[in-house]
Structures are given as C-alpha cells and as structure tokens.
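Hi,

Here is the structure I promised to pass on. Have a look at it first, and then read on for what turned up.

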Amino acid sequence: MDGKPSNSPNSFIDQMVVPGDVVLDLSSMANQTIKLGGGLRQESDAISVMKAGKLKFSRPNKYWVESSQKRYVPCVEDTVLGIVVDSKAEVGSLLYVRVVKASAGMNPELSCTDASGKAAEFGLLKDGYMFETSTGLSRMLLSSPTCPVLEGLGKKLSFEIAVGLNGRVWVNAGSPSTVILVANAIMNSESLSNTKQKIMVEKLLQKFQ
Amino acid sequence: MEIDRPDGRTRNQLRPLACSRNILNRAHGSARWSQGDTIVLAAVYGPKTGTRKNENPEKASIEVIWKPRTGQVGKAEKEYEMILKRTLQSICVLTINQNTTTTVILQVVNDDGSLLPCAINAACAALVDAGIPVRHLAVAICCAMAGSGSVILDPTKLEEQQKMEAFSYLVFHNSVLSMLPEGSLHVDGEPMEHGIITSVTHGVISVDDYLYCLERGHAASAKISDFLRRSLQSHAPSDPSKAA
C-alpha cells in the first residue's frame, strides 16, 4: 500500500514488479503514444502489471514486462528447437527451426531455412545432448554481449550449442564430460547475476581441469 | 487481554510462512506454500485449448481439482474446489486466452488448521509461476472467533477444534506499488485494496465482530502480501523463501 509520490516512470523501470502494480499513470502523460508489450494491461488511466517480472523500457515509448516461464508461446521469427513427431522426417530427431507463422489455437508453421531461403545452420542437429530450461534463461543465453557463462566456458572449453527460445538448449562437444560440464553450468546460471556467473564458471572449471 | 495460544503466539501473529516455486517438473507452474505445519502444493497446467461444455467459450475457464491428503473426494472437497474456482476467476484476466482451460490442482500435504487460505495462497503463487495473466494477487487469511469476542488469526487445528465458535476465511487484494497519486483508485471513498474478494464464514458471528475480523484480517494480509512480493521477486524460483 505504498504509493510512490513521484510520477516519473523511472521509479519502476528495471525493477521487479508483481501483478497488480500500477506502473504508469496516463493522466500525467497526455499527448504521448505509448506501446505496451507483454505483461502489461490498460485500465482506463492506469497501466498495470499482469505477470511478475522485470519492467523494461526501450526508447522512445515501449514498455514491457520481461518474465520467464516454462511454457513457450510461439512467436514469428523466433528460433526454436523441436523434436520430430510425425512421418515426413525421421521421428525423434532434433531440429533447429524458425517460426514462420504462429497464431493462437493453431499449430505454428516452422521452416528449416532463414527468411531469404538459405540453410544458415537450421536443420538437423546430430549427436550432442538436449535439455530444457525456462524461456528466460534462453533469452539470457542469446543476449548480446555474450552472457558471462558462455564466455567463461568458451575460453577454456570447445563446444557448440544451439539455443531455442522455447527453453531447449542443445550442447555438443568432443567428450561427454565436456558436454555435461557445459550443460550443468548453464542450468546453474539461471538465477545468478553476472559476477556470480563468472565465479561459478571459474569454480567449475578449476575442479575439473 | 492477551489469550495464551498453545504455540505462544499473540492473537494477531501469523505462523512462519514459506513458499517455493517451480518445484514440479511437468507442471507449467507450481508452488508449495506452508503456514506453520499446514502445507499445500499447487500445480497449474495450461492454458489448453478448448473449454468444457458448460463453460463460456468467449472467456478462459479455470478448472480446480482438490486432492485431500487421505481418503476419497467428497462434498467438502467439492466445496473447496468451487470456492477456489470463483476466487481465481475473479483475479485472472479471462478475456485474454479465450476458449482455453487452465487446470489448477491442489494437493494437501499436511493440514494443521487454516487449510483453505493456505490453498488459495498456494494457487495464486502457482498461477504467477505459470505466467497466467492475473489482474492482481489474492491474499487469504483465516480469522477465528474464540469466545468472549476475541479474534485470533491463522488458527492451528488444535485451536480450530477446541477454542473456536466461528471462523471466517477472508481473501483480500495484495498491496500494490502504484504510480498513481493517492486517491485515484478509490471507489466510494475507500481504497480499492480494502475490498474483499472472497469471504467464507462458519458459525454465528455478530456484525460488529465480523467487521472487526475484516479489519484484523486486512492488517495481516499486508504482511502476507509483502512476503509474497519478496518471494515472487527472488530470481531463484526453486529456492524457498521464508518469513517468520
């Protein structure tokens, strides 16, 4: 029940918010166009939060809540990892694909080529190991600059990974112990800040090398 | 006059709260909420396409399944399911995922009094863990009348059986942080947050006593609300957060 006295949106940006929090007061922002992304909803003059997460703002006028879930909602132009379940290709094989069409209620349409038609590393992923995490961790692994976990691991080990925005990550390396090391490091890094990730990776590498 | 409660609490003191989220592998969202020794595990699956026959396909529907610790499902469980379903329907934004069903399953791990409020809190945390859009959170508390007009909060099973003449389960809004100036979310001169989402009473209570219960319950709900906020904000969903 603490109302923040200041009306500037800076008080909530990059802060963790909880459903019900009112993050913007439109009556003080007349004549501005605001774009609302996921997790926010308009109730007459107030913009309130629907999902727990971090409030983000991108200039000039976009607001959204970044949250991490286990369940993935398909979105056009996302790259995801899928497992074949039906006849055309080999059932059970892992594919790195791109979402072409997605709408509620329908199965999304996927493609093994990028927008211009080239193969560009899409397609079948052989060997390696796939595990599932949350959507938030996938976004963090794909963020630029490279997240500290991957950077730290990449300095000492050689491996390849494919990250799907649906929460699936595929790792392949020369030896099974490297694969397990990389997979465990990534799974442990979900809740850690940047510095803690670096420390965690260093400790893991020290133990096993 | 302070009543001596068997576990040494004061009248308005709650038991230690603990909440862990994301504990089940297959559920889209899960939470385990405990108040003292009362523990409830909630799992959320969904939204899945399609609604049941009696439900309105223009809205998302919520299905609640209550699993007691032992024994078969009977009338009491059905009543709990109905209360939970109505409470959760009022906090979820039903116009977003139209024609879908979200299933909430509650498993009673241990019942040491104040079971339904514990379940409501667990269900709410699990819904947030699953990313189901909700308007605001629900915070539930049990207020018991222990004879001679005194109200105790969060009774244990022993207190429920021995001392109480009547009790009420109250569900309030969570306390929100707001950008709005004070007074804009008021309806009829009262802040929105003083509104009740659900109230279930057993036994005979006078009107004054009931209003006093509401007041005490509302004050305690602010504490539970703070705890819920802290536990939802922690980045490590599988680490338990605790508060005494």
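Let's begin in strand 3 of chain B (residues 38-49), since that is where B:Pro47 lies. The peptide bond leading into this proline from B:Gly46 is cis, with omega near 0 degrees. Before you go further, please keep in mind that this is a predicted model, and every value below was computed from it.

Chain A has a cis bond to show you as well: the one from A:Arg59 to A:Pro60, again with omega near 0 degrees. Where does A:Pro60 sit? You'll find A:Pro60 in the loop between strand 6 (53-58) and strand 7 (62-66) of chain A.

While you're in that part of the chain, look at the loop between strand 7 and strand 8 (79-83) of chain A, which holds A:Glu77. A:Glu77 is not a glycine, yet its phi is positive, at about 75 degrees.

Now the helix packing, starting with chain B. Helix 1 (residues 75-91) and helix 2 (residues 115-130) of chain B have axes that come within 11 Å and cross at roughly 40 degrees. That angle makes helix 1 of chain B oblique to helix 2 of chain B, and their crossing is right-handed. Which residues make the contact? From helix 1 of chain B they are B:Tyr80, B:Ile83, B:Leu84, B:Thr87, B:Leu88 and B:Ile91. Helix 2 of chain B answers with B:Leu116, B:Ala119, B:Ile120, B:Ala123, B:Cys124 and B:Leu127. Sorted by class, this contact has eleven nonpolar residues, one polar and no charged.

Over in chain A, helix 3 (residues 176-188) takes part in two helix pairs, so to speak, and I'll go through them in turn.

With helix 2 (residues 148-156) of chain A, the axes come within 10 Å and cross at roughly 160 degrees. Angles over 145 degrees count as roughly antiparallel, and therefore helix 2 and helix 3 of chain A are roughly antiparallel to each other. Helix 2 of chain A passes helix 3 of chain A in a right-handed crossing. A:Val149, A:Leu150 and A:Leu153 make the contact from helix 2 of chain A, and A:Val182, A:Ala185 and A:Ile186 from helix 3 of chain A. Here the count is six nonpolar residues, with no polar and no charged ones.

With helix 4 (residues 194-208) of chain A, the axes of helix 3 of chain A come within 10 Å and cross at roughly 155 degrees. That makes helix 3 of chain A roughly antiparallel to helix 4 of chain A, and the crossing is right-handed. On the helix 3 side of chain A, the contact uses A:Leu181, A:Ala185 and A:Asn188. On the helix 4 side of chain A, it uses A:Met200, A:Leu204, A:Leu205 and A:Phe208. These residues divide into six nonpolar, one polar and no charged. If you click on A:Ala185, note that it is listed in the contact with helix 2 of chain A and in the contact with helix 4 of chain A.

Last, the empty space inside. How many cavities of 30 Å³ or more does the structure hold? There are three, and the largest has about 80 Å³ of space. The lining of the largest cavity takes in 13 residues, and those nearest its centre are B:Ala60, B:Val93, B:Asn97, B:Thr102 and B:Ile132. Strand 4 (61-67) and strand 5 (100-110) of chain B each supply at least two residues of that lining. By class, the lining of the largest cavity has nine nonpolar residues, four polar and no charged.

Cheers

Key. Residues are numbered from 1 along each chain as its sequence is written. Chains are lettered from A and ligands numbered from 1 in the order in which they are written. This is a predicted model: local features need pLDDT of at least 70, side-chain atom pairs count only at pLDDT 80 or more; totals for chains, interfaces and linings use all residues. Side-chain values use heavy atoms; hydrogens and water are left out. Axes are lines fitted to C-alpha atoms, for helices over the stretch in contact, and angles run from 0 to 180 degrees between N-to-C directions. Helices (H or I, at least four residues) and strands (E, at least two) are DSSP runs, numbered from the N terminus. Angles under 35 degrees count as roughly parallel, over 145 as roughly antiparallel, 65 to 115 as roughly perpendicular and the rest as oblique. A crossing is left-handed if the near helix is turned anticlockwise from the far one by less than a right angle, and right-handed if clockwise. Contact means heavy atoms within 4.5 Å. Ala, Val, Leu, Ile, Met, Phe, Trp, Tyr, Cys and Pro count as nonpolar, Asp, Glu, Lys and Arg as charged, and the others, Gly among them, as polar. On a 1 Å grid over the protein atoms alone, a cavity is a set of points where a 1.4 Å probe fits but cannot get out, and a pocket is an open set with protein on both sides within 12 Å along at least five of seven lines; lining residues have an atom within 4 Å of a point. Grid points are joined across faces, edges and corners, and a volume is the space filled by probe spheres set on the points.
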